[in-house]
Amino acid sequence: MTRVELIMPKMGESVSEATIISWSKNIGDMIALDETIIEIATDKVDSEVPSTHEGKLVEMLFAADDVVQVGEPFAILETKEGNATPAVSEAIPVPVAAKTIEKTTTKAVKSPNTIIKNTGDRFYSPLVRSMASKEGIEISELATIPGTGKNSRVTKSDMLAYLQTRGASPTPTSSVTPTSKTPETPSYTKVDIPNSGGTEIVEMDRMRKLISAHMTLSKATSAHITSFVEADMTNIVNWRNSVKDDFKKKEGQNITFTPIIIEAMSKAVKDFPMINVSVKETNIHIHKNVNIGMATALPDGNLIVPVIKECQNKNLIGITKSVNDLATKARSGQLKPDDIQEGTITMTNVGTFGNLMGTPIINQPQVAIMACGIIKKKPVVLENKYGDVIAIRHMMFLSLSYDHRVVDGALGGQFVRRVADYLEQFDINIIV
């Protein structure tokens, strides 16, 4: 028999750790090649990790809710001789490595002594909370640890440094003094919410906590500004009504307004490439590919943003198929980590909920997000060779929220206007 370690695979760019949601197998169970062994969650997406070997599960190196670093072993299998050759699983986008170990290793999985939760006063990453739980550090003690991360957040290095000196000196009682490079965060008085018995208290689920942290970070990072235009969608509405039945018979799926809008955004990005950038510190990263994120509401009310890759190389049919495929996978929980990576600009359709317009929050580290309102009939003044007339047209508001650190009002306003121009100039003779 040979013992092998199963390694936590890489799950996408910038993802360095994952939280184990649950184990699909128990100690002593036989595991088939490519059979799911754990379910994991990252700050990007939930996913399943298949086994890269066939054998018997003999050790679980982590428990549910533990945080595992990418490249770190999380389980040990006992395999037959000659069956320890690493395999590649198609369920994970990056090849998974496995290595043979010479001798038995033992790592007891301990139940956390303390459960640390984010209270809203200070954010702690899953890794920091896990370390605190294992060391028996209460939330009151954790709040006294100086943080060297962004906005004075506690990092892994801060925790390791604190644990080395813990008990050697009195616990500090004062808050961290900000450096000259970091603006002081305003302090707010914590106000208790009175509960007379008529209020139900429900803790946020994991995804809602991630969304909350991501949105708060975006508002703290980017200088948000929003520009609005109104687009005449009459030609597009009439064209779609005339082709949707034939398209459904031919392609087996629906054609909606979303891919038409995404195509117009892709064309406008070619005209204004500086809207298709990301910001890291004082560097601007200009992206050659137009990867448009599509904000998608999930059945549980949460939100996820799958990405249509390289829109500049796809026609309307190709974008439509990508949109439908990603939307279906998102709502059924089948998205893979790669499906939500590498977005360069985002669109969200608030019109789906009957809203006229919206002011969306930028999806970091991007610098722009466009919202599309409901397409609504209204009287509009039109100009023709005989003068002005009032006509009933299908109109839609477009709004673009952009990062004023790198996108000025001229660029933001011209971009959203150009998207509207492409929509109004849509070729109604196109055959799909």
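Here is a short chat about how this predicted model is packed inside.

Visitor: How many helices and strands does the protein have, and what percentage of its residues count as buried?
Guide: Let's start with the parts list: there are 8 helices and 20 strands. The protein has 432 residues. Of these, the share that counts as buried is 41%.

Visitor: Which helix gives the most to the largest nonpolar core?
Guide: That core has 57 residues, and Ile275, Met370 and Phe415 are among those with the most contacts inside it. As a rule, in soluble globular proteins nonpolar side chains tend to be buried together. The top contributor, with 8 residues from the stretch 257–271, is helix α6.

Visitor: What is Ile275 in contact with, leaving aside its neighbours within four places in sequence?
Guide: Ile275 is one of the residues with the most contacts inside the largest core. Leaving aside those sequence neighbours, its partners are Val269, Ile345, Val367, Ala368, Leu400, Val407, Leu411 and Phe415.

Visitor: Are α6 and α7 roughly parallel or oblique to each other?
Guide: Helix α7 covers residues 316–331, and its axis comes within 9 Å of the α6 axis. The two cross at roughly 125°. Angles over 145 would count as roughly antiparallel and 65 to 115 as roughly perpendicular. The pair is therefore oblique.

Visitor: How do the residues of the contact of α6 with α7 divide into nonpolar, polar and charged?
Guide: From α6 come Thr258, Pro259, Ile260, Ile262 and Glu263. Helix α7 brings Leu316, Ile319, Thr320 and Val323. Sorted by type, they come out as 6 nonpolar, 2 polar and 1 charged.

How values were computed: Residues are numbered from 1 along each chain as its sequence is written. This is a predicted model: local features need pLDDT of at least 70, side-chain atom pairs count only at pLDDT 80 or more; totals for chains, interfaces and linings use all residues. Side-chain values use heavy atoms; hydrogens and water are left out. A nonpolar core is a set of buried Ala, Val, Leu, Ile, Met, Phe, Trp, Tyr and Cys residues joined through side-chain atoms within 4.5 Å. Buried means under 20% relative accessible area, exposed over 50%, partly exposed in between (1.4 Å probe, protein chains only). Helices (H or I, at least four residues) and strands (E, at least two) are DSSP runs, numbered from the N terminus. Contact means heavy atoms within 4.5 Å. Axes are lines fitted to C-alpha atoms, for helices over the stretch in contact, and angles run from 0 to 180 degrees between N-to-C directions. Angles under 35 degrees count as roughly parallel, over 145 as roughly antiparallel, 65 to 115 as roughly perpendicular and the rest as oblique. Ala, Val, Leu, Ile, Met, Phe, Trp, Tyr, Cys and Pro count as nonpolar, Asp, Glu, Lys and Arg as charged, and the others, Gly among them, as polar.
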